[in-house]
Amino acid sequence: MSARQTARGLHRDRSGGAALEFALIAPILVMLLFGIFAFGWSLNAESSVRYTLEASSRALQMNNSLTQSDIQAIATQKLLTLGLKDVAVTIVIDAASGGFRMAHLTANYAYVIAFPYFDQYPINYSTTVTVPLVAN
């Protein structure tokens, strides 16, 4: 068999083409899938932090005498049941205007997306809830 016949035979043989194409594309598709999952999980974490901040603000509305550490403790307790930690909650209360004060609760949270063999990508979230505080 000559080299020309061997080349023609290989040219017509398509038996491994699909496997080769899949081997080239599969790592990219797997990384895309993991990226979509990680980003969705970070959005879930953001939603959980927002929910906890709203629950903490309702506690502040019910009891205006709560301090920064009390609100942080309420938020930390709720976040730990959701599997989240290292969330900083701050409170800023405006001066009384029109018979009530406004409280601004802000939560800062960093979610780190880690891919094997790549850098870590932190996503920093900050969310604020504003609630009126009626005098007791």
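## Exercises on helix 2 and the core

F37 is exposed, with a relative accessible area of 56%. That value, like those that follow, comes from a predicted model.

**Exercise 1. Find the aromatic pairing and classify its geometry.**

Step 1. Search the whole structure. The search returns 1 aromatic pair.

Step 2. Identify the rings. They belong to F37 and W41, and their centres lie 6.1 Å apart.

Step 3. Check the distance. Ring centres must lie within 6.5 Å to pair, so F37 and W41 qualify.

Step 4. Check the angle. The planes of F37 and W41 meet at 25°. Planes under 30 degrees apart count as stacked, so this pair is stacked.

Step 5. Place the pair on the backbone. Both residues sit in helix 2 (residues 17-62), 4 residues apart, so about one helical turn separates F37 from W41.

Step 6. Assign exposure. F37 has 56% relative accessible area and is exposed, because the cut-off is over 50%. W41 has 47% and counts as partly exposed.

**Exercise 2. Locate the salt bridge and describe its surroundings.**

Step 1. Count. The structure holds 1 salt bridge.

Step 2. Name the partners. E54 pairs with R50, and their closest N and O atoms are 3.1 Å apart.

Step 3. Test the distance. The limit is 4 Å, so E54 and R50 pass.

Step 4. Place them. E54 and R50 both lie in helix 2, 4 residues apart, or about one turn of the helix.

Step 5. Assign exposure. E54, at 27% relative accessibility, is partly exposed. R50, at 32%, is partly exposed as well.

**Exercise 3. Is T52 buried or exposed, and what does T52 contact?**

Step 1. Place the residue. T52 is found in helix 2.

Step 2. Read its accessibility. The value for T52 is 2%, and buried means under 20%, so T52 is buried.

Step 3. List the contacts. Set aside neighbours within four places in sequence. T52 then contacts A75, K78, L79 and L82.

**Exercise 4. Describe the nonpolar surface patch.**

Step 1. List the members. They are L20, L24, I25, I28, L29, L32 and I36.

Step 2. Give the area. Together these residues have about 720 Å² of accessible area.

Step 3. Take one member. L24 lies in helix 2. Its relative accessible area is 57%, so L24 is exposed.

Step 4. Set this beside a general tendency. In soluble globular proteins, nonpolar side chains tend to be buried together.

**Exercise 5. Trace how L84 meets residues distant in sequence.**

Step 1. Place the residue. L84 sits in the loop between helix 3 (68-81) and strand 1 (88-93).

Step 2. Assign exposure. At 10% relative accessibility, L84 counts as buried.

Step 3. Compare sequence with space. L84 and A45 are 39 residues apart in sequence, with C-alpha atoms 7.5 Å apart.

Step 4. List the contacts. Beyond four places in sequence, L84 is in contact with A45, S48, V49, L79 and Y109.

**Exercise 6. Which elements build the largest nonpolar core?**

Step 1. Find the hubs. The core has 24 residues, and V49, L60, I71, V87, V89, L105 and Y109 touch the most other members.

Step 2. Name the elements. Helix 2, helix 3, strand 1, strand 2 (100-114) and strand 3 (120-134) each give two or more residues to this core.

Step 3. Find the main contributor. Strand 2 supplies the largest share of this core, 6 residues.

Step 4. Inspect one hub. Not counting residues up to four places away in sequence, the contacts of L105 include L53, L60, I71, I91 and V131.

Definitions and conventions
Residues are numbered from 1 along each chain as its sequence is written. This is a predicted model: local features need pLDDT of at least 70, side-chain atom pairs count only at pLDDT 80 or more; totals for chains, interfaces and linings use all residues. Side-chain values use heavy atoms; hydrogens and water are left out. Rings of Phe, Tyr and Trp (its six-membered ring) pair if their centres lie within 6.5 Å; planes under 30 degrees apart count as stacked, over 60 as edge-to-face and the rest as tilted. Buried means under 20% relative accessible area, exposed over 50%, partly exposed in between (1.4 Å probe, protein chains only). Contact means heavy atoms within 4.5 Å. A salt bridge is a side-chain nitrogen of Lys or Arg within 4 Å of a carboxyl oxygen of Asp or Glu. Patches are made of residues with over 30% relative accessible area and no salt bridge: like charges are joined within 9 Å, nonpolar side chains (Val, Leu, Ile, Met, Phe, Trp, Tyr) within 5 Å. Accessible areas come from the Shrake-Rupley method with a 1.4 Å probe; for residues, only the protein chains shown count as cover. A nonpolar core is a set of buried Ala, Val, Leu, Ile, Met, Phe, Trp, Tyr and Cys residues joined through side-chain atoms within 4.5 Å.
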